[in-house]
Amino acid sequence: MTAKRLGAARSADFVDEVDVVWTAPIEGNDPRCVVGWYRNARLYRYRQNFQGLYPSDRYKKDEIDSFRVRAKVEDAFLIDIGQRNLKLALGRGPGWSGQASWWYAEDTENLEARRFVQSIRNPIKARKSSPVQSRKTAENEAEPAKLRQMNIADMCVRTRRL
C-alpha cells in the first residue's frame, strides 16, 4: 500500500482525505462483507506505533501496537450487524480484491466490481450510515480528543474481528 499511489508526494509520510472501507469475513468465512468505513482519513506510509499507550485492553491482549489509518470520530461509520447482508459482500475472482489486505477498487475493469464499488461510494458520500456509537454517547461529547481517538481505534479492531 503506498501513499504515492493515493496522490501523496514521494517523500510524504501520509496522505489525507482518503476514504477507507473496512471489510470482514461473513461468519468467519468468505465472502468478505463491508462492515464500515472512515471518511477523510489519514493513511500513513508506515505503521505508527502506540508507543506503549494502548487504546484499549483488547489491543494489548491481541498484541496490536500500531496503526496505519486514523480518522475523526464523526468520520467513522460502522454498519450494524443486522444491516450487513449479501448486498455488502465482495465478489471473488479477477477484478475483485484478492488475498492482500487492501484493494485499489478504482483500478478494476470488472463491471460487476465497478457497480459494487459505486454502490458503496454512494452512502459514503451521502453519509447515510449511522456514526459509530460508544456505550455512553452523551459523555463522549465532553471526552478529550485523545480518548475519542481511542474509541475510533477500538472500532477498527472490532470490525476486523467480526
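The following paragraphs go through a predicted model of a single chain, from its overall make-up to its strands, cores, aromatic rings and backbone exceptions.

The chain has 162 residues, of which 37% count as buried. Its secondary structure consists of 4 helices and 4 strands, and the order from the N terminus is β-β-α-β-β-α-α-α. Among contacts with a separation of 6 or more, 62% join residues that are 24 or more positions apart. The accessible surface is about 10,700 Å², and carbon and sulfur atoms contribute 48% of that area.

Confidence should be considered before any detail. The mean pLDDT of the chain is 75, and 73% of the residues score at least 70. Strand E4, residues 76-78, has the highest confidence, at 92, while helix H3, residues 137-140, has the lowest, at a mean of 37. Over residues 129-162 the pLDDT stays under 50; for this stretch the model has 56 contacts beyond four places in sequence.

The strands come next. E1 and E2 are antiparallel to each other and share 10 bridges. They form a hairpin with 2 residues between them, and Glu27 in the turn has a positive phi of about 50 degrees. Two positions help to fix the register of this pair: Val21 stands opposite Trp37 in E2, and Thr23 has Val34 in E2 as its bridge partner.

E2 also pairs with the other two strands. With strand E3, residues 66-70, E2 pairs in the antiparallel sense over 4 bridges; in this pairing, Asn49 has Ser66 in E3 as its bridge partner. With E4, E2 is again antiparallel, over 3 bridges, and here Tyr38 stands opposite Ala76 in E4.

What lies in the nonpolar interior? The largest nonpolar core has 14 residues, and those with the most contacts inside it are Val20, Trp22, Tyr38, Ala41 and Val69. Strand E1 (14-26) and strand E2 (29-49) are the elements that give two or more residues to this core. The largest share comes from E1, with 5 residues. A second core, separate from that one, has 12 residues, including Trp37, Phe77, Ile79 and Ile124. Two residues already met in the strand pairings thus return here: Tyr38, opposite Ala76 in E4, belongs to the largest core, whereas Trp37, opposite Val21, belongs to the second.

The aromatic residues can be followed in their own right. The structure holds 7 aromatic pairs. In one of them, the ring centres of Phe50 and Tyr59 are 5.2 Å apart and the planes meet at 85 degrees, so the pair is edge-to-face; the cut-off for that class is an angle over 60 degrees. Are these two residues buried or exposed? Phe50 has a relative accessible area of 14% and is buried. Tyr59 is buried as well, with a relative accessible area of 3%. Both values fall under the 20% limit that defines burial. Phe50 and Tyr59 also belong to one aromatic cluster with Phe14, Tyr44 and Phe67.

A glycine in a loop gives an example of two positions distant in sequence. Gly91 is found between E4 and helix H2 (111-126). This glycine is buried, because its relative accessible area is 17%, against a limit of 20%. Gly91 and Cys33 are separated by 58 residues in sequence, while their C-alpha atoms are 9.4 Å apart in space.

The last topic is the backbone. Most residues other than glycine have a negative phi. Glu17 has a positive one, near 65 degrees. Glu17 lies in strand E1, and with a relative accessibility of 65% it counts as exposed. Glu63, which is not a glycine either, has a positive phi of about 55 degrees. Glu63 sits in the loop between helix H1 (57-61) and E3. At 67% relative accessibility, Glu63 counts as exposed, the limit for that class being over 50%. Glu27, in the hairpin turn between E1 and E2, also has a positive phi, of about 50 degrees.

Notes: Residues are numbered from 1 along each chain as its sequence is written. This is a predicted model: local features need pLDDT of at least 70, side-chain atom pairs count only at pLDDT 80 or more; totals for chains, interfaces and linings use all residues. Side-chain values use heavy atoms; hydrogens and water are left out. Buried means under 20% relative accessible area, exposed over 50%, partly exposed in between (1.4 Å probe, protein chains only). Contact means heavy atoms within 4.5 Å. Accessible areas come from the Shrake-Rupley method with a 1.4 Å probe; for residues, only the protein chains shown count as cover. pLDDT is the predictor's confidence in each residue, from 0 to 100. A nonpolar core is a set of buried Ala, Val, Leu, Ile, Met, Phe, Trp, Tyr and Cys residues joined through side-chain atoms within 4.5 Å. Two strands pair if DSSP finds at least two bridges between them. Rings of Phe, Tyr and Trp (its six-membered ring) pair if their centres lie within 6.5 Å; planes under 30 degrees apart count as stacked, over 60 as edge-to-face and the rest as tilted.
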